[in-house]
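Ready to get to know a new structure by working through it piece by piece? Here are some exercises, each with a worked solution. Try each one yourself before reading on.

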Amino acid sequence: MDKKALAMFVHLSQTLHFGKTAVAFHVSPSTLSRVIQRLEQEVTSDLLHRDNRTVALTDAGKKFKHYAEQQLEQWQSFKNSLDEKTELLTGKLHIYCSVTAAYSHLPPLLERFRSQHPLVEIMLTTGDAADGLELVQNKSVDFAIAANPEHLPRSVYFHHLATIPLAVIAPTMQCKALQLLKIDEQQYSTIPWSEIPIILPEHGAARKRFEYWYRKKQQGKANIYATVSGHEALVSMVALGCGVGIVPQVVVENSPVKDRVQYLADVGEIEPFDLGICCLNQSRAQPLIKAFFSSIS
Ligand SMILES: CC(=O)[C@](C)(O)C(=O)O
């Protein structure tokens, strides 16, 4: 039986209106009428009661509607199964991101890809977000979730995911940093910034953000208490009362020690991160990489 005729009948059984169904299928009402008559001849029963004003399904019409819907569904799932077969990719996809990004940004990216390409093996490595670009460049990984650096290397392709605010955080426990901050008095203009112990990211975009932010204070050399690799570790060090630091807010929100740090308001603007997923430009044509991008866009 003609699939288009079945689809027209199903549509008509919902609208119960020849004019509307004819428009939906770009045919004239008389063509639609002929299509329905042909179906009735094949079924050898009337499918519709028609009078001048109303259209209604006969009992045979109701049964036929059920049959037609099943046929169309089966056809669709048959076609889907063929499409899946031709696109079934295999191989490995190696992704690098911070522990935070593995919670906050990776799951929705992977969900769709995994259901479309169940045979692809996903390898995930977590670590300092600041290392991602280098690992992409030296081909240790296929993709990294990373903040856009000031100068994106020409070999790297960057697909924007989100804008991520950064914040200055301080401990909540009593400690030297807190005394110097005089948080209770809220006199941020008089904070002796060069005395405040700072927890500094080892390298990367967050470190750059700190350097700009601190330079604007014009208070001489910063008092670096410790340098850490990984924004999650930085939050831990701050929570322990070691000092103050700058981190992406999403890292604080996902941190188990979130309650032991506080955001400092009004201590100067910090440009947010442009977070994205990166790969080598030259690998964008590879089937796995292409499939990954098409599943996330
Ligand atoms: C850069 C990045 O991946 C995050 C989510 O902001 C982070 O972990 O710092």
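**Exercise 1. Find which residues the UniProt annotation "domain: HTH lysR-type" covers, and describe the chain there.**

Step 1: Look up the record. The UniProt entry, which is unreviewed, places "domain: HTH lysR-type" on residues 1–58.

Step 2: Turn to the model, which is a predicted one. Over residues 1–58 the chain is 60% helix and 10% strand.

Step 3: Check the ends. The end C-alpha atoms of this stretch are 20 Å apart.

**Exercise 2. Work out how helix α1 and helix α3 are placed, and which residues meet.**

Step 1: Recall what to look for. Two packed helices are described by the angle between their axes and the distance between the axes.

Step 2: Get both values. The axes of α1 (residues 3–15) and α3 (residues 29–43) come within 10 Å and cross at roughly 105 degrees.

Step 3: Name the arrangement. Angles from 65 to 115 degrees count as roughly perpendicular, so α1 and α3 are roughly perpendicular to each other.

Step 4: List the contact. From α1 come Ala 5, Met 8, Phe 9 and Leu 12, and they meet Leu 32, Val 35, Ile 36 and Leu 39 of α3. Sorted by class, that gives 8 nonpolar residues, no polar and no charged ones.

**Exercise 3. Do the same for helix α6 and helix α12: at what angle do they pack?**

Step 1: Take the geometry. α6 (residues 106–116) and α12 (residues 287–296) pack at about 120 degrees, and their axes are 9 Å apart.

Step 2: Name it. α6 and α12 are therefore oblique to each other, and their crossing is right-handed.

Step 3: Find the residues. α6 brings Leu 109, Leu 110, Arg 112, Phe 113 and Gln 116, while α12 brings Leu 288, Ala 291, Phe 292, Ser 294, Ser 295 and Ile 296. The split in this contact of α6 with α12 is 7 nonpolar, 3 polar and 1 charged.

**Exercise 4. Trace the open sheet that contains β3 and β5, and say which strands stand at the edges.**

Step 1: Write the order. The 5 strands run β4-β3-β5-β12-β6, and the pairing is mixed.

Step 2: Pick out the edges. β4 (120–126) and β6 (156–164) each have a single partner strand, so one side of each lacks a neighbour in the sheet. From one strand to the next, the twist averages 20 degrees.

Step 3: Zoom in on a pair. β3 (residues 91–97) and β5 (residues 143–147) pair in the parallel sense over 2 bridges. Ile 95 stands opposite Phe 143 in β5.

**Exercise 5. Trace the open sheet with the order β9-β8-β10-β7-β11, and find the helices on it.**

Step 1: Start with the strands. This sheet has 5 of them, with mixed pairing. β9 (223–228) and β11 (261–263) are at the edges with a single partner strand each, so each has one side without a neighbour in the sheet. Neighbouring strands here are turned by 35 degrees on average, direction ignored.

Step 2: Inspect a pair. β7 (residues 166–171) and β10 (residues 244–248) run antiparallel and are joined by 4 bridges. Leu 166 has Pro 248 as its bridge partner in β10.

Step 3: Add the helices. α9 (residues 205–217) lies across β7, β8, β9 and β10, at about 140 degrees to β8. α10 (residues 231–239) packs on the sheet too, touching β7, β8, β9, β10 and β11, and its direction makes about 145 degrees with that of β10.

**Exercise 6. Which residues does Lys 217 touch, leaving out those up to four places away in sequence?**

Step 1: Locate Lys 217. It lies in helix α9.

Step 2: Read off the contacts: Trp 193, Val 267 and Gly 268.

Note on methods:
Residues numbered from 1 in each chain as written. Predicted model: local features only at pLDDT ≥ 70, side-chain atom pairs only at ≥ 80, totals over all residues. Heavy atoms only, no water. Axes fitted to C-alpha atoms, helices over the stretch in contact; angles between N-to-C directions. Parallel < 35°, antiparallel > 145°, perpendicular 65-115°, else oblique. Left-handed = near helix turned anticlockwise from the far one by under 90°. Contact = heavy atoms within 4.5 Å. Nonpolar A, V, L, I, M, F, W, Y, C, P; charged D, E, K, R; others polar. UniProt positions renumbered as here; feature names shortened; annotations may be inferred. Pairing = 2+ DSSP bridges.
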